[in-house]
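Biologist: I'm new to reading structures. Can we go through this one together, with me asking how you know each thing?

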Amino acid sequence: METFNVYASRLITKKEYFSPGHRACQGCAEALAVRMVAKALGQNVIVSSATGCMEIVSSPLPFTNWRVPWIHVAFENTSAVASGVEAGTKALIRKGKLPDKGTVFLGMGGDGATADIGLQSLSGAFERGHNFLYVCYDNEAYMNTGIQRSSSTPFGAATTTSPAGKLTPGQITWKKNMAEIAVAHNIPYVATSCSSYPFDLIQKVKKAARINGPAYIHVLSVCPTGWRVPPNKAIWIGRLAVETGVFPLYEVENGKYRITVDVPELRPVLDYLKPQGRFRHLTPELVDEIQERVTHEYNKLKAKTAL
Amino acid sequence: MAKSELELSWKDLEVGCVVSEPGNASQYRTGDWRSVRPVWDTENCIRCGVCYIFCPDMAIKKTGDGYFEADLYYCKGCGICAQECITRCITMVEEEE
């Protein structure tokens, strides 16, 4: 928000390609992220969506919230279907059966569908170099089925399958860095974004759609239900995640790192952990451990941008 | 949408469960989930549109004179608009019915 004039929201298209009336929880920042991505891509897009919150809330048969072509596929093969749609369209254009309209092929899924179950098909699609965009809406657990841990759940977060108690402090492993995994495939464009920074997200999606080749965008989407925060604080928490350095916003264009939302001085990570019910059991020692890790990771990222 | 949710039966399903009408879920009223509703104080409103951009339910619309108002058919009453409003001109008022 800082780099934009407050009136910038009036410049954004009023057209909604993800229609109202979806069944997401109150204050769902993931629905907001989907809305922004749909707005940024416009009408000329074919969406392949993995199972997950956004599939459940937007397509209760016989209804759909999508005003663009949309297909629901299983967790494991979202990227495979997206690459198939891309390859099929390319073949039809070559044979002259379809006009070349520069359609964008979007694969989307939650963190479970991206970092756990669908990782192999995503990796395959990156490796084959299909011209598609994959957007991961990361709400840091399997929220759709009732808050089970995924590999994207951060250290210390209590979920129903990583409960906090006397023996374990919630999740005992660190969050999988999906954006770095995508960077390791040497694809042309990788970015992280957050729905609390809508203009940043829209710019990145537009840029990724223009790029020829696979692109990956990792969007942190606050889940008020699973993170145990009040619905009205969803956007604020997302902003705190960026300001504390827990989730830095950056883009990697052909291997060149650039931080897009620069935070001159990181806030203490406690500011981010404190409002969330899933971290309420953390002891000061564990908070220090998280702070150390966050600072280390942030410095590592800073060092990469200087290259 | 030709038919409402209550009138539909299995006979209305198309082959392959294809939904042929885009965006037909917009007939679904999410407004009845709401317990509080946003009210704009037009005196302090600077018409910036921050509430519009952050609404996850696409429930905020521009009125004819440039101010914003909630579409109560969809507004779930999450309170994000009141939290994010720069001039703090939105208050959440309890529903009385």
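Modeller: Sure. This is a predicted model, where local features need pLDDT of at least 70, side-chain atom pairs count only at pLDDT 80 or more, and totals for chains, interfaces and linings use all residues. Residues are numbered from 1 along each chain as its sequence is written, chains are lettered from A and ligands numbered from 1 in the order in which they are written, and side-chain values use heavy atoms, with hydrogens and water left out.

Biologist: What makes B:E84 and A:R239 a salt bridge?

Modeller: The rule wants a side-chain nitrogen of Lys or Arg within 4 Å of a carboxyl oxygen of Asp or Glu. For B:E84 and A:R239 the N to O distance is 2.9 Å, so the pair fits the rule. Across the interface of chain B and chain A, the rule finds one salt bridge. Residue pairs in polar contact there number 16, both partners at pLDDT 80 or more. A polar contact is a pair of N or O atoms within 3.5 Å; within protein, one must be able to donate a hydrogen and the other to accept it, and residues adjacent in sequence count only if both atoms are side-chain atoms.

Biologist: Which helices of chain B supply at least two residues each to the side that touches chain A?

Modeller: Those are α1 (50–54) and α2 (80–84) of chain B. α1(B) gives the most, with four residues. Helices here are DSSP runs (H or I, at least four residues), and strands are too (E, at least two), numbered from the N terminus.

Biologist: How do you know how many residues are in the contact between the chains?

Modeller: Contact means heavy atoms within 4.5 Å, and that takes 38 residues from chain B and 42 residues from chain A. The two chains bury about 3,400 Å² between them, 64% of it on carbon and sulfur atoms. Buried area is the accessible area (1.4 Å probe) that two parts lose on being put together, summed over both. In chain B, B:Y52, B:I53 and B:M58 lose the most area to chain A, together 20% of what that side buries.

Biologist: Why does the salt bridge of A:D138 with A:K175 tie together separate parts of the sequence?

Modeller: The closest N and O atoms of A:D138 and A:K175 are 2.4 Å apart. A:D138 lies in strand β4 of chain A and A:K175 in the loop between β4 and α6 (178–183), so the pair joins parts that are 37 residues apart in sequence. Over all chains, the count comes to 20 salt bridges.

Biologist: What makes β3 and β4 of chain A paired strands?

Modeller: Two strands pair if DSSP finds at least two bridges between them. Five bridges join β3 (residues 104–110) to β4 (residues 133–138), so the definition is met. These two strands run parallel, and A:G109 stands opposite A:C136 in β4(A). By contrast, β7(A) and β8(A) pair in the antiparallel sense over four bridges. They form a hairpin with two residues between them, and A:N254 in the turn has a positive phi of about 50°.

Biologist: Why are β2 and β8 of chain A called edge strands?

Modeller: Each pairs on one side only. The open sheet has eight strands in the order β2-β1-β3-β4-β6-β5-β7-β8, with mixed pairing.
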